[in-house]
Amino acid sequence: MSLRIRLSRGGAKKRPFYRIVIADSRSPRDGRFIEKIGTYNPMLPKDGGNRLIIKEDRVKYWVSVGALPSDRVARFLGDAGLMDKPATPANQTKQDKPKAKAQERLQEQADKAEASATATAEAAAAPAEKAPAEAAAAPAEEAPAEKPAAEEAAS
């Protein structure tokens, strides 16, 4: 069973309130959970004392057992000093991630196209270099064929 430390939403419409819970990764977001280890109220000011409440000893226990925090909970735990804070680019939001992946794919395709174009150009240049050598060899073969014709005309 893979355990996750994640948020479970509660509260009224447009008035969210979250519980920080330990749950099986296959269970629904607001469904069955194993233990409640804290709360998060985003409606309170950021400097409010009751905005984020975490039972640190229980978090340490569940992490030692193998529970993995979600992205948001990992940020909370990093701010609380319970684990390393995940690296997040300062200017990248959740909506920008698909755009960044698409740009990476486009760059990879451009690199492949450039590599194939370079290979094609090299392949085209290689026969062109061989052609003058073949052309030099061809007149040598044609020249002896022309001499007998000239000798016949002189006779």
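Here's a quick tour of helix α2, the aromatic pairs, and two charged spots around strand β2 and the loop after it. Keep in mind that this is a predicted model. The short version: α2 has five named buried residues, V73, A74, F76, L77 and G78, and F76 also belongs to an aromatic cluster with Y18 and Y40.

**Helix α2 and what sits over it**
- Helix α2 covers residues 71-80, and its buried residues are V73, A74, F76, L77 and G78.
- Strands help cover those buried residues, including β1 (3-12), β2 (15-24), β3 (35-40), β4 (52-54) and β5 (68-69).
- Helix α1 (56-65) is also part of that cover.
- Just past the end of α2, G81 adopts a positive phi of about 85°.

**Aromatic pairs**
- The structure has three aromatic pairs.
- Y18 and Y40 make a stacked pair, because their ring centres are 6.0 Å apart and their planes meet at 25°.
- Y18 belongs to strand β2 and Y40 to strand β3, so this pair links parts that are 22 residues apart in sequence.
- Y40 is buried, since its relative accessible area is 10% and the cut-off for buried is under 20%.
- Y61 and W62 pair up as well, with ring centres 5.2 Å apart and planes at 75°, so they count as edge-to-face.
- The two partners sit in unlike surroundings: Y61 is partly exposed at 39% relative accessibility, whereas W62 is buried, with a relative accessible area of 10%.
- Y18, Y40 and F76 form one aromatic cluster, and F76 is one of the buried residues of α2.

**D24 in strand β2**
- D24 lies in strand β2.
- D24 counts as buried because its relative accessibility is 12%, and the cut-off is under 20%.
- The D24 side chain has a polar contact with the side chain of R26, at 3.0 Å.

**R29 in the β2–β3 loop**
- R29 is in the loop that runs between β2 and β3.
- With neighbours within four places in sequence set aside, R29 contacts R6, L7, S8 and R9.
- R29 and L7 are 22 residues apart along the chain, and their C-alpha atoms are separated by 7.5 Å.
- R29 also has a side-chain polar contact with D30, at 2.8 Å.

Technical notes: Residues are numbered from 1 along each chain as its sequence is written. This is a predicted model: local features need pLDDT of at least 70, side-chain atom pairs count only at pLDDT 80 or more; totals for chains, interfaces and linings use all residues. Side-chain values use heavy atoms; hydrogens and water are left out. Buried means under 20% relative accessible area, exposed over 50%, partly exposed in between (1.4 Å probe, protein chains only). Helices (H or I, at least four residues) and strands (E, at least two) are DSSP runs, numbered from the N terminus. Contact means heavy atoms within 4.5 Å. A polar contact is a pair of N or O atoms within 3.5 Å; within protein, one must be able to donate a hydrogen and the other to accept it, and residues adjacent in sequence count only if both atoms are side-chain atoms. Rings of Phe, Tyr and Trp (its six-membered ring) pair if their centres lie within 6.5 Å; planes under 30 degrees apart count as stacked, over 60 as edge-to-face and the rest as tilted.
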